[in-house]
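This report describes one protein structure for a reader who is new to the subject. Please look at the sequence and the model below before reading on.

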Amino acid sequence: MARSIYGLDLGTYQLKIYDKKENRIRTVKNAVAVRNETEIFATGDRAYEMYEKAPGEITIEFPMKEGVISRIGEMQYLLESEVKTEEGFFSRGTEYVIAVPTDVTEMEKKAFFDLLIYSSARAKEVRIVERGVADAIGAGIDIKQETGAAIVNIGGETTDISVLSRGGIVLNRLLKTGGASIDRAIITLVRRHLDFVIGRLTAEAVRIQSSVFGEEQGHAVMAAGRDLVRSRPGIKEIPDYIVRTAVKEFLKPCGEAVSLMLEQAPPDVLAAIRKRGICLTGGIACTKGLDRYMEEKTGIPFYTVKEPHLSAIRGVRDILLSDDLKDLAYSMKDENYRWMR
Ligand SMILES: Nc1ncnc2c1ncn2[C@@H]1O[C@H](COP(=O)(O)OP(=O)(O)OP(=O)(O)O)[C@@H](O)[C@H]1O
Ligand SMILES: [Mg+2]
């Protein structure tokens with residue numbers, strides 16, 4: 001029987017899993033539902049939907065925080081439930097290629113490796129690829145030939161900025177802010193301006209439905225929450241200026257971090273980036289008009305790819321399928337690993 005081979009991009013918001021046998025990419029919310037602090041009884045999308053709605057004895061846990069694994073046991077359980085092979089969970093001899101962030105500690109990086117190699121996964125081989133590299137490949141950049149390219153991946157809890165040149169990352173910075181930071185700001189603004197309390201999932205839904213950078217202004221989205229004046233549940237219109245304010249506040253430091261990084265890039269790399277434009281990936285890049293707004297703010301061209309949240313896992317898939325790209329993934333056990341850090 002053919003060996004199972006998987007590609008993984010473990011996001012704080014959702015896991016992206018590529019199954020080579022089926023040649024298919026799946027996404028699963030990175031959440032588990034725990035009953036009485038001990039028993040995990042739901043995982044993935046089902047657990048995420050219960051957030052802020054579940055009864056008291058049930059808590060929804062998020063196994064990753066700000067781009068790194070914070071609860072390894074729960075993360076293993078979640079993967080076990082989601083990565084099913086014909087031979088059962090985590091069959092022996094399975095191979096993995098996993099995308100990991102660059103700007104994290106060595107311990108945090110190793111946790112991604114240990115998650116699979118020393119756990120019930122009993123993996124035969126685990127190879128690692130820098131997420132910025134996978135992201136660039138998935139965005140269609142020929143990174144081995146390119147003199148300069150830049151990628152900004154805005155996800156659930158991180159913003160990963162990479163400058164690449166001729167097959168490798170030359171500069172990288174991981175900001176610990178993402179969609180969840182915007183949603184927290186929306187919750188605060190709604191409370192302050194409308195005396196209305198909404199939950200995190202409602203804030204996310206309002207943000208996605210709002211016209212943030214659109215032409216049409218003065219729109220509003222209906223949301224359920226708690227009316228503080230009447231002290232009871234209710235439904236209110238959330239005007240899109242609230243979402244726009246939260247998103248723009250969030251983008252300010254992101255734009256500054258990008259400009260600062262480009263100042264450090266070698267001149268030939270910078271020239272190539274200016275010519276090509278900066279690629280926006282990650283789920284937040286689904287926000288219509290974001291590329292044009294970033295371009296206005298930084299004076300550098302930006303562009304967005306199709307299904308930007310899947311860019312990194314598409315890159316992992318391409319590395320698994322192409323002989324030319326194979327060498328971009330490496331094992332932490334490799335002799336030359338230390339040269340690649
Ligand atoms: N259509 C959409 N419009 C706007 N935002 C969206 C859309 N779809 C998803 N998002 C947002 O994208 C974010 C998740 O993106 P992504 O899947 O790239 O994160 P992640 O990889 O799990 O997190 P991280 O990379 O930070 O660990 C969430 O905040 C989600 O609300
Ligand atoms: Mg991500």
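Domain bounds are taken from an automatic or database domain assignment. That assignment gives the protein domain 1 (5-133 + 313-340) and domain 2 (141-304). This is a predicted model, in which local features need pLDDT of at least 70 and side-chain atom pairs count only at pLDDT 80 or more, while totals for chains, interfaces and linings use all residues. Residues are numbered from 1 along each chain as its sequence is written, and chains are lettered from A and ligands numbered from 1 in the order in which they are written.

**Overall form**

Helices (H or I, at least four residues) and strands (E, at least two) are DSSP runs, numbered from the N terminus. The protein contains eleven helices and 20 strands. Its radius of gyration, 21 Å, is close to the 20 Å that the globule rule gives for 341 residues, so the protein is as compact as a globular protein of that length. The radius is taken over C-alpha atoms, and the globule rule is 2.2 Å times the number of residues to the power 0.38. The C-alpha trace spans about 65 × 55 × 30 Å along its principal axes.

A residue is buried if 20 or more other C-beta atoms lie within 10 Å of its own, exposed if 12 or fewer do, and partly exposed in between, with C-beta atoms placed from the backbone. Of the 341 residues in the protein, 43% are buried. Two residues are in contact if their C-beta atoms, placed from the backbone, lie within 7 Å. Of the contacts between residues at least 6 apart in sequence, 62% join residues at least 24 apart.

**The two domains and the ligand**

The centres of domain 1 and domain 2, taken over C-alpha atoms, are separated by 24 Å. Across the boundary, 16 residues of domain 1 are in contact with 19 residues of domain 2. On the domain 1 side, helix 4 (residues 131-138) supplies the largest share, three residues. The residues of that side comprise five nonpolar, five polar and six charged. In this classification Ala, Val, Leu, Ile, Met, Phe, Trp, Tyr, Cys and Pro count as nonpolar, Asp, Glu, Lys and Arg as charged, and the others, Gly among them, as polar.

Which residues are the closest to ligand 1? They are Gly-11, Tyr-13, Gly-155, Gly-179 and Gly-283, within a shell of 19 residues. A residue is near a molecule if its C-beta atom, placed from the backbone, lies within 6 Å of it. The shell has four nonpolar, 13 polar and two charged residues. Domain 1 and domain 2 each provide at least three residues of this shell.

**Hairpins and positive phi angles**

Most residues other than glycine have a negative phi. Several residues in this model take positive values instead, as the table shows.

| Residue | Phi | Place |
|---|---|---|
| Asn-23 | about 50° | loop between strand 2 (14-19) and strand 3 (24-29) |
| Asn-36 | near 50° | hairpin of strand 4 and strand 5 |
| Glu-37 | near 60° | loop between strand 4 (32-35) and strand 5 (39-43) |
| Arg-166 | about 40° | turn in the hairpin of strand 14 and strand 15 |

Asn-23 is exposed, with 9 other C-beta atoms within 10 Å. Glu-37 likewise counts as exposed, with 9 C-beta neighbours inside 10 Å.

Two strands pair if DSSP finds at least two bridges between them. Strand 4 and strand 5 run antiparallel and are joined by four bridges; Val-34 has Ile-40 in strand 5 as its bridge partner. Three residues lie between these strands in their hairpin. Strand 14 (residues 159-165) and strand 15 (residues 168-175) are also antiparallel, with seven bridges. Ser-165 is bridged to Gly-168 in strand 15, and the hairpin has two residues between its strands.

**Two acidic residues in strands**

Asp-19 is located in strand 2 and is partly exposed, with 17 other C-beta atoms within 10 Å. Apart from neighbours within four places in sequence, Asp-19 is in contact with Tyr-6 and Arg-24. Asp-19 and Val-83 are 64 residues apart in sequence, yet 8.6 Å apart in space, C-alpha to C-alpha.

Glu-125 belongs to strand 12 (residues 125-130) and counts as partly exposed, with 15 C-beta neighbours inside 10 Å. Leaving aside neighbours within four places in sequence, Glu-125 is in contact with Glu-95 and Ser-331. The C-alpha atoms of Glu-125 and Val-97 are 8.4 Å apart, although 28 residues separate the two along the chain.
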